[in-house]
Structures are given as structure tokens and as C-alpha cells.
Amino acid sequence: MKTLILFLLWFGLSGIGIAQTVVYNIHKDTVWTKDGNPYLLNSNIRIDSGATLTIQSGTRVFGNKNVLLTVFGKVKISGENADSVHFS
């Protein structure tokens with residue numbers, strides 16, 4: 001079991017627009033894109049075995065303090081220098 005623990009800081013999302021809240025576990029291949037920005041993690045998220053979460057360049061992910069992202073499947077992050085993926 002691979003566990004990725006993200007101790008994400010809460011920045012008060014008032015200045016970043018309406019957030020797409022992620023409150024589900026990932027059971028199948030899922031793609032987060034910058035068109036869906038920002039993504040807000042309010043609770044622990046699990047990526048099941050056989051599922052892949054792909055986070056594309058330009059995507060912004062915000063989370064509450066001590067949110068866990070538990071990975072049994074895969075996470076692919078495809079940020080670029082000019083258009084990076086942002087976690088906070």
C-alpha cells in the first residue's frame with residue numbers, strides 16, 4: 001500500500017472563485033484539468049487499485065488541514081514549467 005499524505009494548508013478560498021469540491025473516492029480513471037479549477041479536498045480521498053488519477057498542467061488543488069490522499073492505484077501529474085500543477 002502506498003500512502004501519500006498531504007498536509008495541505010487551508011488558505012481561505014475567498015479569492016480563488018468557486019471551487020469544485022472533491023468528496024468522493026476514485027474508483028475508475030479520473031482526470032482533473034485546469035478547466036475544472038480549483039479542486040477543493042474537504043475530506044480524505046482514496047484512489048482504488050486499478051484506478052488512475054491524472055492531474056493535468058495548470059490544475060490547482062487546495063485542501064483542508066491534514067487531508068489524506070491514499071493511493072492504492074496510480075497518480076500521474078503532468079505539470080510543465082510554464083503551466084505547473086499547484087497544491088496548497
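Two strands count as paired when DSSP finds at least two bridges between them. Keep that in mind, because bridges and paired strands come up a lot in this predicted model. In the protein chain there are zero helices and 10 strands, and reading along the sequence gives β-β-β-β-β-β-β-β-β-β. What follows is a quick tour, one topic at a time.

**The chain as a whole**

- The protein chain has 88 residues, and 38% of them are buried.
- Its accessible surface comes to about 5,300 Å². Carbon and sulfur atoms account for 53% of that surface.
- Take the contacts between residues at least 6 apart in sequence: 49% of them join residues at least 24 apart.

**The three-strand sheet**

- One open sheet is built from three strands in the order β3-β6-β9, with parallel pairing.
- β3 (30–32) and β9 (74–78) are the edge strands here; each has a single partner strand, so one side of each is left without a neighbour in the sheet.
- From one strand to the next, the twist averages 15°.
- β6 and β9 run parallel and are joined over five bridges. Within that pairing, Q56 has S78 in β9 as its bridge partner.
- On the other side of the sheet's order, β3 and β6 are also a parallel pair, over three bridges. There, W32 has I55 in β6 as its bridge partner.
- As background, strands of a sheet pair through backbone hydrogen bonds, either parallel or antiparallel.

**The four-strand sheet**

- A further open sheet holds four strands, ordered β2-β4-β7-β10, and its pairing is parallel.
- Its edges are β2 (20–22) and β10 (86–87), each of which pairs on one side only.
- Three bridges link β2 and β4, which pair in the parallel sense.
- For a spot to look at in the structure, try T21, which stands opposite L40 in β4.

**The nonpolar core**

- The largest nonpolar core has 15 residues.
- Seven names stand out for touching the most other members: V22, I26, W32, L41, I45, I47 and L53.
- Several strands feed this core, with β4 (39–41), β5 (45–47), β6 (52–56) and β8 (68–71) each supplying at least two residues.
- In general terms, nonpolar side chains tend to be buried together in soluble globular proteins.

**The aromatic pair**

- The structure holds one aromatic pair.
- It is made by W32 and Y39: their ring centres are 4.9 Å apart and their planes meet at 15°, so the pair counts as stacked.
- Both partners, W32 and Y39, are buried.
- W32 turns up in several places, then: it is in the stacked pair, it is one of the core residues touching the most other members, and it is the bridge partner of I55.

**Loops worth a look**

- Between β3 and β4 there is a loop that contains P38. The peptide bond leading from N37 to P38 is cis, and its omega is near -20°.
- The loop between β7 (60–63) and β8 is where you'll find N66. Phi of N66 is near 65°, which is a positive value in a residue other than glycine.
- N66 has 44% relative accessibility, so it counts as partly exposed; the band for that label runs between 20% and 50%.

**Around S57**

- S57 sits in the loop between β6 and β7.
- With 16% relative accessibility, S57 falls under the 20% cut-off, so it counts as buried.
- Leaving out residues up to four places away in sequence, S57 touches K34, S78, G79, E80, D83, S84 and V85. One of these, S78, is also the bridge partner of Q56.
- S57 and A82 are 25 residues apart along the chain, and 8.9 Å separates their C-alpha atoms.

Methods:
Residues are numbered from 1 along each chain as its sequence is written. This is a predicted model: local features need pLDDT of at least 70, side-chain atom pairs count only at pLDDT 80 or more; totals for chains, interfaces and linings use all residues. Side-chain values use heavy atoms; hydrogens and water are left out. A nonpolar core is a set of buried Ala, Val, Leu, Ile, Met, Phe, Trp, Tyr and Cys residues joined through side-chain atoms within 4.5 Å. Buried means under 20% relative accessible area, exposed over 50%, partly exposed in between (1.4 Å probe, protein chains only). Contact means heavy atoms within 4.5 Å. Accessible areas come from the Shrake-Rupley method with a 1.4 Å probe; for residues, only the protein chains shown count as cover. Rings of Phe, Tyr and Trp (its six-membered ring) pair if their centres lie within 6.5 Å; planes under 30 degrees apart count as stacked, over 60 as edge-to-face and the rest as tilted. Axes are lines fitted to C-alpha atoms, for helices over the stretch in contact, and angles run from 0 to 180 degrees between N-to-C directions.
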